[in-house]
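Trainee: I've got a structure to look at and I'm not sure how to read it. Can we go through it together?

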Amino acid sequence: MDILVPVITLGLMGLLFGVGLALAAKKFCVANDPRLEAIYGKLPQANCGACGMPGCMGFAEGLIEGRCTLAHCSVSTEDALKAIAGILGIELKTKIKAAAVLHCYGGSVRAKDKGTYRGVRDCVNANLIMQGQKLCAYGCIGFGTCAQVCPFNAIVMNEEDLPVVNEDKCTACGKCVAVCPKKLFSLIPKKHKVYVACSSHDSGKDTKTTCSTGCIACRLCEKACPFDAIHVIDNLAIIDYNKCTSCKKCVAVCPVKIIKTRE
Amino acid sequence: MDVSKVLAIAISMIFINNFILSKFLGLCPFLGVSKETKPAVSMGFAVIFVMTCSSIITWVLYRFVLLPFHIEYLRTITFILVIATFVQLIEMVIRKYSMPLYRALGIYLPLITTNCAVLGVTILNVDNFFVAGKAVEGSFFYSSFQAFFAGVGFLLALFLMSGIRERLQLLDIPEHTKGIPIAFVIASLMSLAFMGFMGFKF
């Protein structure tokens, strides 16, 4: 008989808690929009924040409440976006896919150092101390902070300490653009194949002393371009992508080989 | 109720018998949620809240259910039941009435359910404040205070650890000790420091 007391007491307690919880679940239930889970399932769930919302769940909520549009998500594939548009009952407008490019080609081989840096191997930190260890104030520091922040592993550091963007993996989320202390990345539509791999605004002579592959502002590209798309502004060649047709004439004439083609 | 006794409980729970660093209870969140200060502090406050409330409930249950029926030996399973139910209920209520708070605490509340520090403090309460099957004078208040200050001690340990680990991120330490290994080393050093509060006994 001794066993009955504990069994009954504990059983009753369990029953009481169970029923209590069940009632509470009813009373305090929060109605969820069934579309929320469906949309979240279609999103990449990388929580990269490129859309400006706190993660993919926040973006799904924003979509339902009409605070965001599908174009804000630069990561999802076309098919996924179409499926989400189907759930929401709206029409999907096609958008231009872009990928990041690095506007520097210095690296450990061509760009000289001003001294030995022994601090934290992180670009943002290194930049705080005399703008990094590179002699060129505009060039890539080379500690790969961009590769670390990339949520899609689209950036890897090569043996010359330069980040290389894998265009197939790059989703133009813009994390590298934001983190680079030298502002060396930009997002360029994938159909444009030509870009300038230098950001130095120093004069041609100064650039030559710091880096063997910097823009010397010789204006040969300007003269070669049949579409008036490339201009040397403030000692640096800049491409106007509204006019550029990727004819690659500038690539051929550049004496320091800093106008690059991707792919 | 005696103010000096409350003070003694506070100092004992926060420093001398710190739940994490002296009693080694609740080590999972200590290592899991101590990477950054902000979540660590949120977790600490959530633990204070859950500890205090569940110790109040378990005290009542122990005094008015377990003792009269002479089934004190079932306290562990009963307390686990109570804590789990209570945390579930809290989660529902918070979700209903304060979505921002739910988001802030979201992950930590379920984590606390399985946190042995909460169970530890409730068991310690009935060990300390019940003598020979009877509640000592002021037992209810003392046990509530003990639970509260145990939570404060938990918060303190978590806060200190997260501050140290945030700084560790910037240090140039050997590659193979980065992350969890160095956290264990730091934890043991901190534990040694807290042992100092106890005085040395040989």
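Trainee: How many salt bridges are there between chain A and chain B?

Mentor: Keep in mind that this is a predicted model. For a salt bridge, look for a side-chain nitrogen of Lys or Arg within 4 Å of a carboxyl oxygen of Asp or Glu. Between chain A and chain B the count is 0.

Trainee: What do chain A and chain B bury between them, then?

Mentor: About 1,600 Å², with 78% of that on carbon and sulfur atoms. In chain A, F17(A), L21(A) and F28(A) lose the most area to chain B, and together they make up 32% of what that side buries. As for contacts, 18 residues of chain A touch 21 residues of chain B.

Trainee: Back to salt bridges. How many does a search of the whole structure find over all chains?

Mentor: It finds 8. One of them joins the side chains of E160(A) and R110(A), at 2.5 Å from N to O. E160(A) sits in the loop between β2 (155-157) and β3 (163-165) of chain A, while R110(A) belongs to helix α5 (residues 107-110), so the pair ties together parts that are 50 residues apart in sequence.

Trainee: Are E160(A) and R110(A) buried or exposed?

Mentor: For that, check the relative accessible area: under 20% is buried, over 50% is exposed, and anything in between is partly exposed. E160(A) is buried at 19%, and R110(A) is buried too, at 17%.

Trainee: Which residue forms a salt bridge with E167(A)?

Mentor: That's R262(A), at 3.8 Å from N to O. This pair also links distant parts of the chain, 95 residues apart: E167(A) is in the loop between β3 and α8 (175-179), and R262(A) is in the segment after β8 (259-261). E167(A) is buried at 19% relative accessibility, and R262(A) is buried at 6%.

Trainee: What about R219(A), which residue does that one pair with?

Mentor: R219(A) forms a salt bridge with E222(A), and their closest N and O atoms are 3.3 Å apart. Here R219(A) is partly exposed at 39%, and E222(A) is partly exposed at 26%.

Trainee: Now for cysteines. How many disulfides does a search of the whole structure find?

Mentor: The general idea is that a disulfide is a covalent bond between the sulfur atoms of two cysteines. The search finds 0 over all chains.

Trainee: Why doesn't C56(A) have a bond to C73(A)?

Mentor: Because the sulfur atoms are too far apart: C73(A) holds the closest cysteine sulfur to that of C56(A), and the distance is 6.5 Å. The cut-off is 2.5 Å. C123(A) gives a similar story, with its closest cysteine sulfur in C140(A), 6.1 Å away and too far for a bond. C56(A) is buried at 9%, and C123(A) is buried at 8%.

Trainee: Where is I8(A), and what patch does it help form?

Mentor: I8(A) lies in helix α1 (residues 4-27) of chain A. It's part of a nonpolar patch on the surface, along with I3(A), L4(A), V7(A), L12(A), L15(A), V19(A) and L23(A), and together these have about 790 Å² of accessible area. I8(A) itself is partly exposed, at 47%.

Trainee: Last one: how many helices and strands does chain B have?

Mentor: Chain B comes to 9 helices and 2 strands, in the order α-α-α-α-α-α-α-β-β-α-α along the sequence. Of its 202 residues, 47% count as buried.

Key: Residues are numbered from 1 along each chain as its sequence is written. Chains are lettered from A and ligands numbered from 1 in the order in which they are written. This is a predicted model: local features need pLDDT of at least 70, side-chain atom pairs count only at pLDDT 80 or more; totals for chains, interfaces and linings use all residues. Side-chain values use heavy atoms; hydrogens and water are left out. Patches are made of residues with over 30% relative accessible area and no salt bridge: like charges are joined within 9 Å, nonpolar side chains (Val, Leu, Ile, Met, Phe, Trp, Tyr) within 5 Å. Accessible areas come from the Shrake-Rupley method with a 1.4 Å probe; for residues, only the protein chains shown count as cover. Helices (H or I, at least four residues) and strands (E, at least two) are DSSP runs, numbered from the N terminus. Buried means under 20% relative accessible area, exposed over 50%, partly exposed in between (1.4 Å probe, protein chains only). Contact means heavy atoms within 4.5 Å. Buried area is the accessible area (1.4 Å probe) that two parts lose on being put together, summed over both.
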